[in-house]
Amino acid sequence: MKNLALLHFADLHVSEKERDYSMSILNEIINAASSCDAIVIAGDLFDSFSDMSALWKPVMGLFASYDRPVIYCAGNHEYLEKGKHSFSEFLPADNVFFVSEPGLSVISPDSLDTEFVVLPFYPGDSSFDAAAVPDFSGKKRVFVSHGTLGGMYEFFSNEDDFAVISPSVLEAVSADYAALGHIHSAFYQKKDGCVLCYPGSSRVWRKGESGKRSCMRVSLGTSVEVERVFLDEAGEWKELSVIAGADDIFSLADTDLSLSDYLTIRLDGIMDNMQAASEFKKKIEELFAGRVRKLDIDDNVDYLSKMSEYRIVKLFLKKMDDIKDKYDKDTWNRALLKGLLELKQELSQ
Ligand SMILES: [Mn+2]
């Protein structure tokens, strides 16, 4: 029996707001799947029901160009802004199996010697009918679902997570591979003969999602092999710590960045007034303009009138500058900030 190769991804969150970005990643994923027999999407392909309405056609157009099966399981984001609308409003491409019906569905594409047991997200209800689990057919079995696996991975997710997959489903389905989605960091683990896998979000969806984004190339044979495929188009989320007024912003220009990156500048420090701060922020914006996909400044700047004119402040900055090369940037930044905060307290008394 020939090995089956799957391209598994989740949490792409295609949105109108970031249309070019999300569609370019989808393109990259479909190209990466050219060596595979099928694509499996474990939910949150779209960021919301409205995004699904707006971009269904171009997304289906891309999938239609992939002449092999695409198994698409609904996630919680497909339900956002859904209102009284229905998923039946969408007509999938011929090769796309879109599963949104609550409970277990079994998809067995003719071209594959594999069956997909799919449990989509359904609001307020993660129950399933054990009788719906198909009898063992001799085919390889892939479980597809969107949620946090209960009892095992809750610590990866928010406390108020309402998308939970019961571990008993996994036990009942007894799959070779569990293609999961919802948790935005990537990991996989073998448990009771099944390889459980979250590929992580395939784009940077929000700040804090650091590290390269990926999808998974899965080979199902006598054993299950999982390989992470990194997505260049997704870029990365990066954070830089800057002390306003004290840091040499031009040294920041050396930061290793790609055009797809999302950069957050954490701005600390004490400035004389709001105008000085906004001028400093403007310089940062100019420095990174056209170098990243998205830039935001996390502004934690504090103020003290004429702070920069005090002799002791000037002395402190000079001393700090003299020892700059002896320390790593983070340590130096922390020491600088601590000193400035203490000076501010002294001076404002
Ligand atoms: Mn989700």
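## A hairpin at one end of a sheet

In this predicted model, strand 5 and strand 6 make a hairpin, with six residues lying between them. The two strands run antiparallel, and three bridges join strand 5 (residues 105-107) to strand 6. If you would like a pair to pick out on screen, look for Val-106, which stands opposite Val-117 of strand 6.

Strand 6 (residues 114-119) is mostly covered, as five of its six residues are buried. Strand 6 also has a partner in strand 7 (residues 140-146): these two strands run parallel and are joined by six bridges. One handy marker here is Glu-115, whose bridge partner in strand 7 is Arg-141.

## The sheet as a whole

What is the order of the strands in the open sheet? Reading across, the order is 5-6-7-10-12-11, so to speak a row of six strands, and the pairing is mixed. At the edges sit strand 5 and strand 11 (187-191), each of which pairs on one side only. From one strand to the next, the twist averages 20°.

While you are looking at the sheet, one general point may help: side chains in a regular strand alternate between the two faces of the sheet.

## Helix 2, bent and partly buried

Helix 2 (residues 49-64) is a good next stop. How far apart are the end C-alpha atoms of helix 2? They are 21 Å apart, which agrees with the 22 Å that its 16 residues should span, because the expectation is set at 1.5 Å a residue. Helix 2 nevertheless has a bend of about 65° at Leu-55, and a proline, Pro-58, follows within four residues.

The buried residues in helix 2 are Phe-49, Asp-51, Met-52, Leu-55, Val-59 and Phe-63. Leu-55, then, is both the site of the bend and one of the buried residues. Which elements help to cover the buried residues of helix 2? Among them are helix 1 (19-32), strand 3 (70-73) and strand 4 (96-99).

## Helix 5, hardly covered

Turn now to helix 5 (residues 311-322), which has twelve residues. From first C-alpha to last, helix 5 reaches 17 Å, close to the 16 Å expected at 1.5 Å a residue. Helix 5 is hardly covered, with one buried residue among its twelve.

## Val-242 in strand 15

Val-242 has its place in strand 15 (residues 237-243). Why does Val-242 count as buried? The cut-off is 20 or more other C-beta atoms within 10 Å, and Val-242 is buried because 21 other C-beta atoms lie within that distance.

To get a feel for distances in the model, try Val-242 and Val-96. These two residues are 146 residues apart in sequence, and their C-alpha atoms are 47 Å apart in space.

## The overall picture

Stepping back, the protein has six helices and 19 strands. Its C-alpha atoms fill a box of roughly 80 × 40 × 40 Å, taken along the principal axes. Of the 349 residues in the protein, 37% are buried.

Contacts between distant parts of the sequence are well represented: among contacts with a separation of 6 or more, 74% come from residues 24 or more positions apart.

Methods
Residues are numbered from 1 along each chain as its sequence is written. This is a predicted model: local features need pLDDT of at least 70, side-chain atom pairs count only at pLDDT 80 or more; totals for chains, interfaces and linings use all residues. Two residues are in contact if their C-beta atoms, placed from the backbone, lie within 7 Å. The expected span of a helix is 1.5 Å times one less than its number of residues. The bend at a residue is the angle between axes fitted to the seven residues ending there and the seven starting there. Two strands pair if DSSP finds at least two bridges between them. Axes are lines fitted to C-alpha atoms, for helices over the stretch in contact, and angles run from 0 to 180 degrees between N-to-C directions.
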